[in-house]
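Me: Could you take a close look at one part of this structure for me, the aromatic rings and what sits around them?

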Amino acid sequence: MASICCVHMRMRPTLCNFTASKADKGPPPPITFHLEHHKTTPCSLSSIQEGRAVNRRQLFLHAAVAVAAFAVPPTVSNSLALNDVPEDVRIYTDDENKFKIEIPQEWQVGTGESNGLKSVTAFYPTDASNSNVSVVITGLGPDFTRMESFGKVDEFAQTLVSGLDRSWQRPPGVAAKLIDCKSSKGIYYIEYSLQNPGESRRYLYSAIGMASNGWYNRLYTVTGQFLEEETDKYASQIQKVVASFKFI
């Protein structure tokens, strides 16, 4: 049985200098993310094959998901364009990272990066909330050519969620439960929940895909999350944002 260390991280946003021009409609200042590594915890991978390649796949996967699952919302970025979309929705286009996503008009945007992560972009409502959507992009090695390099979607989802689950520990840690998963047009869609003891359950919707920047493949992990008590307010909205993600 293979084992690895799942790296748990949190984002600490820091304000950068920013001066709004008259053409800007008063956006808040941009935020740069600083990623702080928590202690590593060994986790068993019983549902996948043994070997070094498997370990590398899991490290990529859990590092990206850990950032997405525990991201703190930041602020405003670039590339907001309106096309043929509803009036209450706008299209965020990232020409450098080659993706676009539809977000509510009033939502804000923040970006950041670190040595281990190629890019992090977060979208979140202006109201005080724990709900948000993030896009985390990580570089992959040449042996990663398509999503099936990680296994079929069912296997992939089970490995993802079991790698995050710590409910078996004493005392129990975070409980992770898989709700649903599917594959469509080269993207894996996974729905699951996380709950720390004594805290509200957090629901997460992820769309995970792969694309090349011309030199190497990169893994895109799009994750929307909301707390159980915010289900009525944000669940449908966040699902639509995640589902709207497309490569360009």
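Reply: Sure, let's start with the cluster: ring pairs join Tyr 92, Phe 99, Phe 123, Tyr 220, Phe 245 and Phe 247. Bear in mind that this is a predicted model, where local features need pLDDT of at least 70, side-chain atom pairs count only at pLDDT 80 or more, and totals for chains, interfaces and linings use all residues. Residues are numbered from 1 along each chain as its sequence is written, and side-chain values use heavy atoms, with hydrogens and water left out.

Rings of Phe, Tyr and Trp (its six-membered ring) pair if their centres lie within 6.5 Å; planes under 30 degrees apart are stacked, over 60 edge-to-face, and the rest tilted. That rule gives twelve aromatic pairs. Take Tyr 92 and Phe 99: the centres are 6.1 Å apart and the planes at 35°, so this pair is tilted. Tyr 92 is buried (under 20% relative accessible area; exposed is over 50%, partly exposed in between, with a 1.4 Å probe and protein chains only), at 0%. Phe 99 is buried at 0% too.

Tyr 220 and Phe 245 make another tilted pair, 6.1 Å centre to centre with 45° between the planes. Here the pair links distant parts of the chain, 25 residues apart: Tyr 220 is in strand 14 (residues 217–227), and Phe 245 is in the loop between helix 3 (231–243) and strand 15 (246–247). Helices (H or I, at least four residues) and strands (E, at least two) are DSSP runs numbered from the N terminus. Both Tyr 220 and Phe 245 are buried.

Thr 121, in strand 9 (residues 119–124), is buried at 1%. Leaving out residues up to four places away in sequence, Thr 121 touches residues including Tyr 92 and Phe 99, where contact means heavy atoms within 4.5 Å.
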